[in-house]
Amino acid sequence: MRAVSATGRPHRFLPVLLIAWALLAGPNPSGAQPRPDPVMVFDRVNEPVERAFSVLVPQGWRIRGGIVRVDPLARGGPAQSIAAKVDFAVLSDEDATVAVRWLPDTLYADMSASPAAAHGLFPPGSHYQGMTVLALTGAADFTRRWLLPALHPDASELRIVRQSAAPEVATAHTRLARSLIPAIDFTHDAAATIIEYEDGGVSYRESLFVVVENWGRAGAGMWGTKDVLVARAPAAVFDAWQPVLGIIQSSVRVDAQWLAGEIRGQIRRGEIAARTMAEIQRIGREITEHRRLTHAEIHNDMFLALTGQE
């Protein structure tokens with residue numbers, strides 16, 4: 001099969017999705033599912049919300065979602081509101097029979113090393129500064145324990161076909177993150193997973209690629225997911241659709257003007273968040289000191305009463 005753009009120029013496929021398939025893909029069961037045409041024409045389509053990026057979409061397919069902004073005053077903020085998030089999918093039809101989807105990056109808080117956790121505060125599942133409290137976990141474990149149940153709560157006969165680490169992708173992420181923000185000792189873990197499940201009477205095979213980013217000591221327990229990519233097709237023709245989905249995934253082109261504005265906005269929102277955090281910490285210290293003085297006075301009154309000195 002040869003894939004071309006609307007101008008007729010061939011496109012080279014790339015990275016994460018095809019890395020996942022190269023690591024994991026195996027023979028698929030035979031079936032009578034429709035296969036991609038020998039030659040497919042792609043149109044370059046803009047992300048509809050902010051025109052932040054464009055992507056190649058096969059003619060006749062559709063897109064869903066786009067840039068997502070989290071309200072800093074809602075439970076999703078303020079930590080989740082500094083950077084723009086992407087929840088975007090390219091679908092062959094309304095049922096997403098063949099589809100590729102980018103999931104939004106999400107921050108979590110590991111409070112296990114916090115003094116507050118020793119006093120029973122911020123248990124797992126609670127929220128801290130807009131982040132769900134969750135112990136740091138690797139990419140493979142995160143996929144099994146959290147991502148799969150969230151994506152397919154009603155899927156039947158779901159099973160993991162195979163799973164593999166992707167250290168070269170993790171190393172590339174770490175190198176880039178530390179070059180951009182040298183003050184933070186980022187580390188990364190990456191994993192590719194292949195699953196199969198039944199959905200609406202169709203047997204699907206799905207590829208998931210997850211990168212987990214740990215902010216290290218400077219992050220004080222902050223960690224999160226990055227570049228979570230999911231692609232699926234009917235199990236019988238999963239291999240046949242790999243080149244098409246690979247072209248879609250590797251064709252993303254970010255708008256330079258939007259990116260410059262987003263970076264400026266992240267810096268500004270980060271400064272506001274930092275000032276807000278400092279004020280919250282100041283108020284917290286005052287509350288703690290007030291409680292200390294109040295408890296000291298109560299203890300003193302109790303001592304005087306017990307010794308008859310009141």
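D199 has a relative accessible area of 35%, and so counts as partly exposed. In this predicted model, D199 is also one half of a salt bridge, its side chain meeting that of R232 at 3.3 Å from N to O. The structure holds 12 salt bridges, and the points below describe several of them before turning to a nonpolar patch on the surface.

**Salt bridges between strands**

- The pair of R232 and D199 ties together parts that are 33 residues apart in sequence, because R232 lies in strand β13 (residues 222-234) while D199 lies in strand β11.
- R232 has a relative accessible area of 10% and is therefore buried, whereas its partner D199, at 35%, is partly exposed.
- A salt bridge also joins E196 and R159, whose closest N and O atoms are 3.0 Å apart.
- This pair links distant parts of the chain, with E196 in strand β11 (residues 187-199) and R159 in strand β10 (residues 156-165), 37 residues apart.
- E196 is buried, its relative accessible area being 11%, while R159, with a relative accessibility of 45%, is partly exposed.

**A salt bridge within a helix**

- The side chains of R144 and D141 form a salt bridge in which N and O lie 3.4 Å apart.
- Both residues belong to helix α3 (residues 139-151), and because they are 3 residues apart there, about one helical turn separates R144 from D141.
- R144 is partly exposed, with a relative accessibility of 39%, and D141 is likewise partly exposed, with a relative accessible area of 22%.
- The cut-off matters for D141, since a residue counts as buried under 20% relative accessible area, and D141 has 22%.

**A network of salt bridges**

- Salt bridges also occur as a network, in which E50, R69 and E262 are linked.
- As a general point, side chains of opposite charge can pair when their charged atoms come close.

**A nonpolar surface patch**

- V252, V254, L259 and I263 make a nonpolar patch of about 300 Å² on the surface.
- One of these residues, I263, is found in helix α7, which covers residues 256-306.
- I263 has a relative accessibility of 43% and therefore counts as partly exposed.

How values were computed: Residues numbered from 1 in each chain as written. Predicted model: local features only at pLDDT ≥ 70, side-chain atom pairs only at ≥ 80, totals over all residues. Heavy atoms only, no water. Salt bridge = Lys/Arg side-chain N within 4 Å of Asp/Glu carboxyl O. Helix = DSSP H or I, 4+ residues; strand = E, 2+ residues; numbered from the N terminus. Buried < 20%, exposed > 50% of the residue type's maximum accessible area, 1.4 Å probe, protein only. Patch = residues over 30% accessible without salt bridge, like charges linked within 9 Å, V, L, I, M, F, W, Y side chains within 5 Å. Areas by Shrake-Rupley, 256 points an atom, 1.4 Å probe, with all protein chains shown as cover.
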